[in-house]
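Got the viewer open? Here is a short tour of what to select next, stop by stop.

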Amino acid sequence: VFIDLGSTKSTLVDAVNNHFKSDIHNYISTHPMCGSENFGPGASDPNLYKNKLCILCPPSHVNESALHFVDEFWKAISMRTTIMDAKTHDETLAYLSHLPHIVSSILVSIAAANPSTLQEIMKNDKPITGGGFRDMSRIAGTNVDMWISIFQENQSFIYKSLVDFEKKLQSMIEAFHPEKKLDSQQISKLWE
């Protein structure tokens, strides 16, 4: 039985399908949804998989007993599992994982580029951010090399998620336009 742990699936699953054609095989693409912004041996966590989700993306013609084995393997180390096709996985993760990492990095970049904010950060020896910034910026510190490869593999779905984000952001910008009265109804509608 062979598995991978990649963050994108379409390229891998397409390659497996092309390789095996209609032959039965034992390859299952998996994506354990866990980890943190930290990396390297010092970031190891003995509870990394506990109560987390592992997405299984079985290619065509997979041996059902191999799929069952992989499903049971992840469950045996305390994970929950779900099955998705590769395209659905990549589109879903563009919105739920890849877009948040991009937005987090943009948020940190914007805050650091504001002279007043940067001055206040630099003159304080303790963080001056509240929980909102801390929670939103935590993942901005992830390994960029890993993310570049994810972005290359999932570029089209990430682009779509960014366009959707841009539309919502533009609506919020208009609601806050300083030459107009604050559009609280527009803000409430977007918030809800």
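Start with the aromatic rings. Rings of Phe, Tyr and Trp (its six-membered ring) pair if their centres lie within 6.5 Å; planes under 30 degrees apart count as stacked, over 60 as edge-to-face and the rest as tilted. By this rule there are three aromatic pairs. Select Tyr 49 and Trp 74: the ring centres are 5.6 Å apart and the planes sit at 65°, so this pair is edge-to-face. The two come from distant parts of the chain, 25 residues apart, with Tyr 49 in the loop between β2 and β3 (53-57) and Trp 74 in helix α2 (residues 64-76). Those element names follow DSSP runs numbered from the N terminus, with helices being H or I of at least four residues and strands E of at least two.

Before moving on, some ground rules. This is a predicted model, in which local features need pLDDT of at least 70 and side-chain atom pairs count only at pLDDT 80 or more, while totals for chains, interfaces and linings use all residues. Residues are numbered from 1 along each chain as its sequence is written, and side-chain values use heavy atoms, with hydrogens and water left out.

Now colour by accessibility. Buried means under 20% relative accessible area, exposed over 50%, and partly exposed in between (1.4 Å probe, protein chains only). Trp 74 is buried at 2% relative accessibility, while Tyr 49 is partly exposed at 27%. Add Phe 73 to the selection: its ring centre is 5.0 Å from that of Trp 74 and the planes are at 70°, so that pair is edge-to-face too. Phe 73 is partly exposed, with 37% relative accessibility. Keep the three selected, since Tyr 49, Phe 73 and Trp 74 form one aromatic cluster.

Next, hop to Ser 29, in strand β2 (residues 27-33). Is Ser 29 buried or exposed? Its relative accessible area is 0%, so Ser 29 is buried. Show its side chain together with that of Asp 4, and you'll find a polar contact of 2.7 Å between them. (A polar contact is a pair of N or O atoms within 3.5 Å; within protein, one must be able to donate a hydrogen and the other to accept it, and residues adjacent in sequence count only if both atoms are side-chain atoms.) Contact in the wider sense means heavy atoms within 4.5 Å. Leaving out residues up to four places away in sequence, Ser 29 touches Asp 4, Lys 9, Leu 12, Val 13, Ile 55, Leu 56, Cys 57 and Pro 59.

For some backbone oddities, pick Lys 21, in the loop between α1 (10-20) and β2. Its phi is near 55°, a positive value in a residue other than glycine. Lys 21 is exposed, with a relative accessible area of 58%. A polar atom of its side chain lies 2.7 Å from the backbone oxygen of Asn 18. Beyond four places in sequence, Lys 21 touches Val 16 and His 61. Asn 51 is another case, with phi near 60°, also positive in a non-glycine residue. Look for Asn 51 in the loop between β2 and β3, exposed at 56% relative accessibility.

Last stop: the pockets. On a 1 Å grid over the protein atoms alone, a pocket is an open set of points where a 1.4 Å probe fits, with protein on both sides within 12 Å along at least five of seven lines; lining residues have an atom within 4 Å of a point. Grid points are joined across faces, edges and corners, and a volume is the space filled by probe spheres set on the points.

The largest pocket has a volume of about 900 Å³. Of its 34 lining residues, Pro 32, Met 33, Cys 34, Gly 35 and Ser 36 are the closest to the centre. Two or more lining residues come from each of β2, β3, α3 (86-113) and α6 (144-153), and α3 gives the most, with seven. The lining divides into 18 nonpolar, twelve polar and four charged residues. (Ala, Val, Leu, Ile, Met, Phe, Trp, Tyr, Cys and Pro count as nonpolar, Asp, Glu, Lys and Arg as charged, and the others, Gly among them, as polar.)

Finally, the second largest pocket holds about 210 Å³. To show its lining, select Val 103, Ile 106, Leu 107, Ile 110, Ala 111, Phe 133, Met 136, Phe 165 and Leu 169. Here α3 gives the most, with five residues, and the lining divides into nine nonpolar, no polar and no charged.
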